[in-house]
Amino acid sequence: MAALLEVSGLTMRFGGVTALSGVDLAVGEGELVGLIGPNGAGKSTLFDCLTRRCAPQEGRVLLAGEDLARLPAHRVAGRGVARTFQNTALFPGLSVRENVMAGAHRHGRAGFWGAALGLAAGEERRLRETADALLARFGLGEYADHPPEALPYGTTKLVEIARALAAGPRLLLLDEPAGGLAPAEVPAFAGLIRRLHAELRLTIVVVEHHLDFVLSLCRRIVCLERGHKIADGPADAVRRDPAVVAACLGVTR
Amino acid sequence: MTGVRGAALTGHRRPAVGLAAGDRRRTWPWRRAALAMTVVAAAGLPFVLPPYRLFQVTLVLVYAVALLGLDLVVGHSGQISLGHGAFFGVGAYVAAVMIGRLGLPYPVTLPAAALVTYGLGWAAGLPALRLRGLYLAVVTFSVAVVLPPLLKRFPEVTGGAMGMPVATPRGAGLDDDQWIYFLVLATAAVAVAGIRNLTRSRGGRALTAIRQHPAAAEVLGMQAASHLTRAFAWSAMYAGVAGALHTWTTGFVAPDTFTLSLSITLLAGAVIGGLATPAGPLLGALVVTAVPAAARELNPAAPGLVSGLLIVAVVYAAPTGLAGLLRRAAAAVAARLPAGRRA
Ligand SMILES: Nc1ncnc2c1ncn2[C@@H]1O[C@H](COP(=O)(O)OP(=O)(O)O)[C@@H](O)[C@H]1O
Ligand SMILES: [Mg+2]
C-alpha cells in the first residue's frame, strides 16, 4: 500500500508545552484510521500540523511525497486535504448551503470583477448544485437556506463534513465528529462515515473520544498520549494494549 | 442516515431575525410591490421636490455609494478604514481637475476617478492587509491625515486652500439639479447591483468566511490577504466614484471637505446604518447627511462628538444598526400576516 501521508519525527512545542514529540505515522491510500488519546494528547495539534495551521519545530509531513512545509497554508486544500474542527467552525453569516459552497471555493475561478459584472452565474450554479447534492446525501436538504445557528450541534457537525467534502479531498481529517450526537445516533453516524469512505474512495483519519464508535469504524487505531505515539495497530490489539488501557480506556469509558 | 438526521432534529431552534450581521433570511413582505414603488418614487422625486431638498437627496445617494464600498471593508471583511474620506476626496479632485483644469467632458471623470482610487486602494491595502487589523487602521489614518495638506501644496492644480469651483453637468430638457439627480441615481443603481453580485458570489462568501473563521477559511483554500486586498481596492474605488459624483453635485471642491472628520463620519454611517446588510448603506447615508447638519445647529464643533456618541450608542443598543432594527420590525409585521400574502 503506497503511503499517502507520511509523518516522521514530528515535534510541536507551544512555549513550554510539547504537544507532539517525535511522532511517526504513515497512512496508506484508502485507509480509515482512528486516532485516540486522552484530552491534551496532541490529536488536534497533529491535524493542525497536517493542514499547516501549525509549523512544527521538527519533523516532516509528506503528502503523496510532497513536503507540506513548502506550501503556504491556503494551498494545502489544493493538494486534497480537508478537515473538520473539534469545535464546529461553520460560518454563521452564511446559510447552510453557502457554507458548503464555500467548501467548494477552490473549484471556482470567479474573481471580484467577473462576479460584480454578473459573469459568474454559470459557475455559481455549478457550485450550488454540488452543494445541494452533498446536502441531499446527508439528508440535510431542507436546511439549505437556514443559518447554521438554527441547527443542533450534532447537525452542524454533519454540515461541516459536507463542507469538507465539497472541497473534493483525498485525505479527510475528522476531529471528534461524533461529539454532540446522542448515544443512539452514533451507530448510524458510523455507517455514514463508512459509506463515504467506500463510495468516495477517501483516506480518512478520525479523532474520537467515543471509543465504541472508533472501534466499530476503524480497523487500525493509533493512540497518542502526551504527544507520544504509544500504540499503532489493528483495533483489537490496540484495545487490549495495557498502555492504551491505562491512558484512555479507564478515563473515557 | 435518516436515523442521524431524525434524531438530530430535536433541539431545532431559530435565532431572531435582525440580530446577526449577514443574516440573509427574507423578512420583508410584498417585495415586488415595494420595489416597484421605490422605482416610481425615485423617478418622480425630482418633479415634486424643491431644488434644495432634491440636492439633499442627491447627496444622500452620493454618500450611499461611498458607504456601499466602505461596507465591503468594515461589514464584509471586518476591517477598519479611517481613510475613506480621503479616497472620496481623491475621486472628487480627479473629477474637478479633469473638468476644471483640463476641460474634459464630465462623463470620463467617473471611470478616471474609479481607476485612480482603485489603484490607491491596492497600494494602501496590499502592505497593510498582509498584517491586517490595526495596521490597516493606521495606514488609512495616515492617508486621511496627509491628503488635505497635500492638496493645499499644489494650488495651480487644486486651487489650494480656497478650493475651486467646477462646472456641473447639464442635460437637455431637465433642470441641472434634476439631471444630476438622475446621473447619481443611475450610478448608485449600478453600484448596488455590482456589490450585490459580488457579495453573493465566491469572493463574497470568502470575505464572510475569512472574517468569521479565518482558520476554517484558510483550510478551504481561501487566501485571506488576497481577498481582503481586493475588497479594499474595490471599496476605495466606490469611495472615489462617490467623490466624483460629489463634485458633479456640488460644483465645488475644497481640501477641508475631505478631512479625517469625513472618514470618521463615513465610518459612523456604515456602523449606524448596519453592517453587511443591503439597507445599511442607504440608512447610513441618511445619518451621514443629517447628523452633521443637525449637530452643527447646536455647536459648530458638535458633529464629530455626536457621530462618536451615536456609534457607541448603536454598538451597545443595536449592534446590527438601523437596518437590523428595521428587519426586526419587518419580521414582526410579517409574522402577523397570513402566509399567502408574503409575496
Ligand atoms: N495554539 C496553542 N497554543 C498553546 N498550546 C496549545 C495550542 N494548541 C494546543 N496546545 C496545547 O497542546 C496540547 C495538545 O492539545 P490538543 O492537540 O488540542 O490535544 P487533543 O486534541 O488531543 O485533546 C495541550 O496541552 C494544549 O494545551
Ligand atoms: Mg482535540
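# A tour of the ligand 1 site and a helix pair

Start by selecting ligand 1 in this predicted model, together with the residues around the ligand: F14(A), V17(A), A19(A), P38(A), N39(A), G40(A), A41(A), G42(A), K43(A), S44(A), T45(A) and Q86(A). Colour this shell by residue class, and the split is five nonpolar, six polar and one charged.

Next, show the backbone of G40(A), where an N or O atom lies 2.8 Å from an oxygen atom of ligand 1. Move on to K43(A): a backbone N or O atom of this residue is likewise placed 2.8 Å from an oxygen atom of the ligand. Then turn on the side chain of T45(A), which has an N or O atom 2.5 Å from an oxygen atom of ligand 1. Switching to a surface view, ligand 1 has 550 Å² of accessible area on its own, and the protein covers 60% of that area.

Now display the secondary structure. Two elements of chain A, β2 (17–28) and α1 (43–50), each give two or more residues to the shell around ligand 1. Of the elements, α1(A) contributes the most, with three residues.

Leave the ligand and select residues 96–103 and 153–166 of chain A, which are helices α2 and α5. Their axes come within 6 Å and cross at roughly 35°. The crossing of α2(A) past α5(A) is right-handed.

Finally, show side chains and backbone where the two helices meet. From α2(A), pick V96(A), N99(A), V100(A) and G103(A); they meet V159(A), A162(A), R163(A) and A166(A) of α5(A). By class, the residues of this contact between α2(A) and α5(A) are five nonpolar, two polar and one charged.

How values were computed: Residues are numbered from 1 along each chain as its sequence is written. Chains are lettered from A and ligands numbered from 1 in the order in which they are written. This is a predicted model: local features need pLDDT of at least 70, side-chain atom pairs count only at pLDDT 80 or more; totals for chains, interfaces and linings use all residues. Side-chain values use heavy atoms; hydrogens and water are left out. A residue is near a molecule or strand if one of its heavy atoms lies within 4 Å of it. A polar contact is a pair of N or O atoms within 3.5 Å; within protein, one must be able to donate a hydrogen and the other to accept it, and residues adjacent in sequence count only if both atoms are side-chain atoms. Accessible areas come from the Shrake-Rupley method with a 1.4 Å probe; for residues, only the protein chains shown count as cover. Helices (H or I, at least four residues) and strands (E, at least two) are DSSP runs, numbered from the N terminus. Ala, Val, Leu, Ile, Met, Phe, Trp, Tyr, Cys and Pro count as nonpolar, Asp, Glu, Lys and Arg as charged, and the others, Gly among them, as polar. Axes are lines fitted to C-alpha atoms, for helices over the stretch in contact, and angles run from 0 to 180 degrees between N-to-C directions. A crossing is left-handed if the near helix is turned anticlockwise from the far one by less than a right angle, and right-handed if clockwise. Contact means heavy atoms within 4.5 Å.
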